[in-house]
Amino acid sequence: MTSALTPDQISRVKATAPVFAQHGATITKHFYRRMFASRPELKNLFNQTHQTSGSQADVLAHAVYAYAANIDNLGALGSAVGRISHKHASLNIRPEHYPIVGENLLASVVEVLGDAVDEATLEAWRAAYSQLAQIMIGAEAKLYEGAAWSGYRPFVVSRKVVESDEITSFYLTPTDGAPAASFQPGQFVTVKRYVGELGVDQPRQYSLSDAPHGKWLRISVKREGGNEVVPAGRLSTLLHDGVEEGAIVEVTAPMGDFRLDRSKSTPVVLVSGGVGITPMASMLSTLVAEGSERRVAFVHACRSGNVHAFKTWLAEVVATRRNVSRAVFYEEVGSADRQGVDYDFEGRIDFAKIAEQAVLPDADYYLCGPMGFMAAQRDALVARGIDPARIHSEVFGTGALA
């Protein structure tokens with residue numbers, strides 16, 4: 001076990017935290033290039049689209065800065081450590097990966113900053129990284145211990161269902177005939193596929209979109225578009241166009257600290273944007289399957305009816321469950337949408353329009369969608385007097401180290 005940092009080491013790390021605020025992305029981009037050059041096999045653990053866009057380097061730089069700035073108050077990082085450890089465990093990151101990351105990260109600090117880092121400061125950072133690695137390894141060990149299985153497990157695609165113009169569901173059944181694992185609604189799995197154009201396996205994390213019933217694990221995947229800088233989502237395209245019923249995919253055990261609190265009887269407000277509807281579908285499906293009488297408000301926003309997934313299912317739930325209400329917002333309402341009954345409001349989510357239905361002081365709020373969307377909904381709810389402690393959100397994208 002790593003010994004605690006000395007007061008001098010803590011002081012040095014904290015004093016150099018602003019360096020990562022200013023030069024962090026440069027250091028972390030150098031780090032990834034350096035590590036992949038010496039250990040190309042590790043590309044299999046990292047989302048190469050995030051490498052291309054630079055978002056992975058930015059997230060790592062922010063994480064290192066936050067750690068350094070709070071080196072004397074690690075309790076402030078508790079929620080971040082929990083979230084990142086779930087992401088890491090889902091990616092099957094193991095203790096042996098941490099020394100490789102540490103060696104290349106510290107070498108990158110020296111190679112980028114040069115003489116600006118003296119030996120005593122570098123040694124302080126070395127001790128700080130070792131401390132962080134032990135914290136993460138310990139947290140991840142507990143998750144592995146409680147996981148339904150270790151590493152990747154083969155599943156067969158037993159059904160493939162188109163949910164909208166962008167989203168398709170894949171029903172995954174264990175190839176060994178055993179029951180599918182249980183999980184907490186809101187959690188996710190990692191799916192790994194070989195991407196020929198990259199020459200490596202690529203992992204992606206997808207929320208589970210059905211109730212935990214042991215028959216299958218369902219993921220609902222959005223076909224991601226691209227642009228001149230970042231290509232279209234490689235794995236989402238591969239799943240949509242290249243994975244049919246009967247195909248085998250490799251899947252890790254369910255993970256994630258964004259989950260419905262099933263111990264409560266108080267109201268639930270589920271707020272989603274776009275493909276963020278997937279964990280909400282799992283949460284509502286679970287409440288329905290359990291015969292829960294909890295009051296549920298299902299609030300969803302999407303561009304139009306063409307990209308609205310699960311709309312028939314949602315309408316059926318609302319029609320048959322008097323404790324469940326719906327507020328669906330379409331940003332663009334087409335002529336075909338106006339003839340149907342799948343949406344309730346035009347425009348973006350406006351809690352002023354649904355205050356009686358969805359602004360409930362004793363409710364728990366679950367948010368999932370793009371980062372800007374979640375920030376806007378959180379601000380709107382807090383402005384209406386909702387306790388921030390009652391607002392829970394899922395953050396997808398990059399983890400801190402992988």
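Is the crossing of helix 6 and helix 7 left-handed or right-handed? The crossing is right-handed. The legends below take up this helix pair and then a sheet, all in a predicted model.

**View 1. Helix 6 crosses helix 7.** Helix 6 covers residues 97-113, and helix 7 covers residues 119-146. Their axes come within 10 Å. The crossing angle is roughly 155°. Angles over 145 degrees count as roughly antiparallel, so helix 6 is roughly antiparallel to helix 7. The handedness of this crossing is right-handed.

**View 2. The contact of helix 6 with helix 7.** Helix 6 contributes Y98, V101, G102, L106 and V110. From helix 7 come L122, W125, R126, Y129, A133, M136, I137 and E140. Of the residues in this contact, 10 are nonpolar, one is polar and two are charged.

**View 3. An open sheet of six strands.** The strand order is 4-3-6-1-2-5. Pairing is antiparallel. In general, strands of a sheet pair through backbone hydrogen bonds. Strand 4 (200-207) and strand 5 (217-222) are the edge strands. Each of these two pairs on one side only. Neighbouring strands of the sheet are turned by 40° against each other on average, direction ignored.

**View 4. Strand 6 and its two faces.** Strand 6 spans residues 248-251, and its side chains alternate. V249 and V251 point to one face and are buried. I248 and E250 point to the other face and are not buried. In the strand order, strand 6 sits between strand 3 and strand 1.

**View 5. Strand 6 beside strand 1.** Strand 1 runs from residue 153 to 162. Four bridges join strand 1 to strand 6, and the two run antiparallel. Here F155 stands opposite V249 of strand 6. V249 is one of the buried residues of that strand.

**View 6. Strand 3 between strand 6 and strand 4.** Strand 3 takes in residues 188-195. Two bridges join strand 3 to strand 6, running antiparallel. Eight bridges join strand 3 to strand 4, again antiparallel. Where does V191 find its bridge partner in strand 6? The partner is V251. In strand 4, R204 stands opposite V191.

**View 7. Helix 8 lies across the strands.** Helix 8 is made of residues 234-242. This helix lies across strand 1, strand 2 (167-174), strand 3, strand 4 and strand 5. Helix 8 runs at about 85° to strand 3.

Note on methods: Residues are numbered from 1 along each chain as its sequence is written. This is a predicted model: local features need pLDDT of at least 70, side-chain atom pairs count only at pLDDT 80 or more; totals for chains, interfaces and linings use all residues. Side-chain values use heavy atoms; hydrogens and water are left out. Buried means under 20% relative accessible area, exposed over 50%, partly exposed in between (1.4 Å probe, protein chains only). Two strands pair if DSSP finds at least two bridges between them. Axes are lines fitted to C-alpha atoms, for helices over the stretch in contact, and angles run from 0 to 180 degrees between N-to-C directions. Angles under 35 degrees count as roughly parallel, over 145 as roughly antiparallel, 65 to 115 as roughly perpendicular and the rest as oblique. A crossing is left-handed if the near helix is turned anticlockwise from the far one by less than a right angle, and right-handed if clockwise. Contact means heavy atoms within 4.5 Å. Ala, Val, Leu, Ile, Met, Phe, Trp, Tyr, Cys and Pro count as nonpolar, Asp, Glu, Lys and Arg as charged, and the others, Gly among them, as polar.
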